[in-house]
Amino acid sequence: NQEDNPAEVNLRTVYFINADTGWVAGDLGLILKTTNGGVTFIEEDNFVPDVFKLYQNYPNPFNPSTVIKYAIGSRQYATLKVYDVLGREITTLVNEEKAAGNYEVEFNASNLPSGIYFYQLQAGKFTQTRKMVLMR
């Protein structure tokens, strides 16, 4: 179980801004930073992103709930909405001003039929949309 043993956390993303400084993000909100090219990493508890990003939901496909993670690079009014394949709004998961930071929200689709859905983050001038699949 990943929650019982942090050594089993899956690493998901690696991002370097130069040859020495970079970050690794993993499950359970794990963020590690290196300043020596990856020889050693330190855990960052209060990492504040400087970019906007909408991550792929996990799990995907899902039944009946999934987690959507996103990053806000500066204080912005943010909305996170879910749409069906025809573009009809299903629900609004986030609709408020957010400080810069990393966030996650759970989407429960227990009242929806199987199918393809889209979720869209809008924050300031940033807009990104991703696809998710509900399988019963």
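Student: Why is Glu 96 called partly exposed?

Tutor: In this predicted model, Glu 96 has a relative accessible area of 39%. Buried means under 20% and exposed means over 50%, so the 39% of Glu 96 lies in between and the residue is partly exposed.

Student: What makes Glu 96 and Lys 98 a salt bridge?

Tutor: Their closest N and O atoms are 2.9 Å apart. The cut-off is within 4 Å, so this pair passes.

Student: Is Lys 98 buried or exposed?

Tutor: Lys 98 has a relative accessible area of 13%. That is under 20%, so Lys 98 is buried.

Student: How many salt bridges are there by this rule?

Tutor: The count is five. One of them joins the side chains of Lys 69 and Glu 104, at 3.8 Å from N to O.

Student: How do you know that this pair links distant parts of the chain?

Tutor: Lys 69 is in strand β6 and Glu 104 in strand β9, with their positions 35 residues apart. As for exposure, Glu 104 is at 52%, which is over 50%, so it counts as exposed. Lys 69 is at 30%, so it is partly exposed.

Student: How many aromatic pairs are there?

Tutor: There are four. In one of them, Phe 52 and Phe 126, the ring centres are 5.5 Å apart and the planes are at 25°.

Student: Why is that pair called stacked?

Tutor: The centres lie within 6.5 Å, so the rings pair, and 25° is under 30 degrees, so the pair is stacked. It also links distant parts of the chain: Phe 52 is in the loop between β4 and β5, and Phe 126 is in strand β11, 74 residues apart.

Student: Why do Phe 52 and Phe 126 fall into separate exposure classes?

Tutor: Phe 52 has a relative accessible area of 23%, so it is partly exposed. Phe 126 is at 19%, which is under 20%, so it is buried.

Student: What makes the pair of Phe 62 and Phe 107 edge-to-face?

Tutor: The centres are 6.1 Å apart and the planes are at 65°. Since the angle is over 60 degrees, the pair is edge-to-face. Phe 62 is in the loop between β5 and β6, whereas Phe 107 is in strand β9, 45 residues apart.

Student: How do you know whether Phe 62 and Phe 107 are buried or exposed?

Tutor: Phe 62 is at 2% and Phe 107 at 3%. Each value is under 20%, so both residues are buried.

Notes: Residues are numbered from 1 along each chain as its sequence is written. This is a predicted model: local features need pLDDT of at least 70, side-chain atom pairs count only at pLDDT 80 or more; totals for chains, interfaces and linings use all residues. Side-chain values use heavy atoms; hydrogens and water are left out. Rings of Phe, Tyr and Trp (its six-membered ring) pair if their centres lie within 6.5 Å; planes under 30 degrees apart count as stacked, over 60 as edge-to-face and the rest as tilted. Helices (H or I, at least four residues) and strands (E, at least two) are DSSP runs, numbered from the N terminus. Buried means under 20% relative accessible area, exposed over 50%, partly exposed in between (1.4 Å probe, protein chains only).
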